[in-house]
Amino acid sequence: MTNSELNGISIHSLHSSREPEANALPCRDSGNGSARTSSPQFAHAIGEASSFQHLRLAQRRLKLLLDLTNRMISNFDVSELLYELLACIRRAMGCDAASIALLDPEHPCVFRECALDYPENGGRLMNRHLNFSEEAAWVSKLTNSAEPLNLAATELQTHAVALAEGFKSLCHFPLVRRDRGCGVLTLASLKEGAFDEADIAFLRQVASQITMAVENALAYRQIATLKEQRACERVYLEDEILNGGMFEEIVGSSKELVRTLGHVARVAPTDSTVLVTGESGTGKELVARAIHKRSRRASRPFIRVNCAAIPTSLIASELFGHEKGAFTRATERRLGRFELANSGTIFLDEIGDIPADTQIALLRVLQEREFERVGGSQPISVDVRVIAATNRDLKAAVEAGTFRLDLFTD
């Protein structure tokens with residue numbers, strides 16, 4: 001046998017002895033694209049890493065649900081609650097920004113409160129009473145359908161703010177309670193396709209939990225406001241009783257008095273705004289009380305305000321209340337007289353002494369039935385009958401420019 005044959009035999013024998021292993025896994029080398037094999041140990045390591053990642057994800061999401069629950073039962077301040085919820089969600093989901101917008105139940109095209117958690121652009125932001133235009137018609141569509149809206153970069157034409165910030169993924173979740181839309185949860189990311197089907201399924205549960213948390217906080221706020229109002233009403237009522245203010249009997253038989261009482265009888269049931277004029281000491285407050293007692297609001301508060309006795313700088317705060325920090329001595333929030341008189345009657349004695357800027361706010365109350373506290377930005381709706389009195393000649397005051405014509409004639 002020749003050397004070449006021997007070499008051939010040797011080579012043949014070498015190849016036949018290297019049978020492929022049955023458990024080898026084919027894979028592709030990332031360097032030159034050539035095929036190679038992977039050991040069972042490597043495949044097992046990959047499986048363990050994948051299982052570990054899924055376990056970490058499940059733990060992180062479980063922790064998020066637990067955090068949301070803890071905040072639901074420990075924080076009833078709506079603004080702070082929104083921020084805490086958003087911070088938890090943004091960190092757990094690994095997105096860049098998160099927001100919650102609450103709809104005004106009486107105005108379906110108005111966001112009552114909007115909270116944003118966006119660390120890369122100023123951190124936290126709270127806006128109140130925002131109108132959304134036709135470009136944001138998706139809001140109504142979203143809350144009516146009760147289905148999430150997952151948008152890619154090519155679908156963000158109607159989201160100008162998101163485009164300007166460079167977001168490439170946007171996901172909206174309707175907050176729906178008892179078949180009624182109450183708001184929108186939005187997550188935003190700078191990455192393409194940031195939210196997959198598993199994320200959306202999980203975030204449905206999160207949106208449901210947020211809805212309950214927000215409803216509880218709003219209910220707590222309403223109860224606290226009513227308790228504060230009732231406490232203030234009790235103080236005013238006790239003051240009125242101690243001062244003998246409940247006396248409303250008017251005795252007399254003159255033609256002028258009979259004519260005045262006839263006007264009282266006619267105007268009392270109408271619920272219209274009333275102006276009582278006359279010299280000081282002629283009983284204008286007794287007439288105002290008689291109107292209130294003969295109206296449908298007789299069982300509700302009668303709040304008396306002597307506008308001439310309140311300093312000009314404090315009249316707006318006295319009438320409309322103020323928020324904490326609105327001015328130097330505003331160490332806590334205070335309800336104004338209009339809020340105390342809600343569903344009842346407010347008597348503005350010496351209305352001719354109200355300053356011009358407060359007259360504008362008073363005109364808004366008469367026309368729109370709403371106002372804002374000093375230092376606040378959220379409109380407050382009230383149902384109050386206004387009875388005013390003055391010993392001044394308001395027509396002359398209008399001509400002199402010290403009293404608004406539209407307020408006098410409204």
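This section describes two enclosed elements, a buried glutamine and several residues with positive phi in a predicted model.

Strand 14 spans residues 385-390. Of its 6 residues, 6 are buried, and the strand is therefore largely enclosed by the rest of the structure. The burial extends to both faces of strand 14. On one side lie Arg385, Ile387 and Ala389, and on the other Val386, Ala388 and Thr390, all of them buried. Two pairings of strand 14 were identified. Strand 9, which covers residues 274-277, pairs with strand 14 in the parallel sense through 4 bridges. Within strand 14, threonine 390 is the residue that stands opposite threonine 277. Strand 11 (residues 345-349) also runs parallel to strand 14, and 5 bridges join these two strands. Here threonine 345 has arginine 385 of strand 14 as its bridge partner. Arginine 385 thus combines a buried position in strand 14 with a bridge to threonine 345.

Helix 3 comprises 16 residues, from 78 to 93. The distance from its first C-alpha to its last is 22 Å, close to the 22 Å expected at 1.5 Å a residue. Since 13 of its 16 residues are buried, helix 3 is largely enclosed by the rest of the structure. Glycine 94, just after helix 3, takes a positive phi of about 65°.

Helix 11 extends over residues 356-368 and contains glutamine 359. The relative accessibility of glutamine 359 is 1%, and because the limit for burial is under 20%, this residue counts as buried. When neighbours within four places in sequence are left aside, the contacts of glutamine 359 are Ile354, Thr402, Phe403, Arg404 and Leu407.

Positive phi values also occur in residues other than glycine. Most residues other than glycine have a negative phi. Arginine 369, by contrast, has a positive phi near 60°. Arginine 369 is placed in the loop that lies between helix 11 and strand 12 (370-371). With a relative accessible area of 33%, arginine 369 is partly exposed. Serine 343 likewise has a positive phi, near 75°. Serine 343 belongs to the loop between helix 10 (337-340) and strand 11, the latter being joined to strand 14 by 5 bridges. The relative accessibility of serine 343 is 23%, so this residue counts as partly exposed.

Key:
Residues numbered from 1 in each chain as written. Predicted model: local features only at pLDDT ≥ 70, side-chain atom pairs only at ≥ 80, totals over all residues. Heavy atoms only, no water. Expected span 1.5 Å × (residues − 1). Buried < 20%, exposed > 50% of the residue type's maximum accessible area, 1.4 Å probe, protein only. Contact = heavy atoms within 4.5 Å. Pairing = 2+ DSSP bridges.
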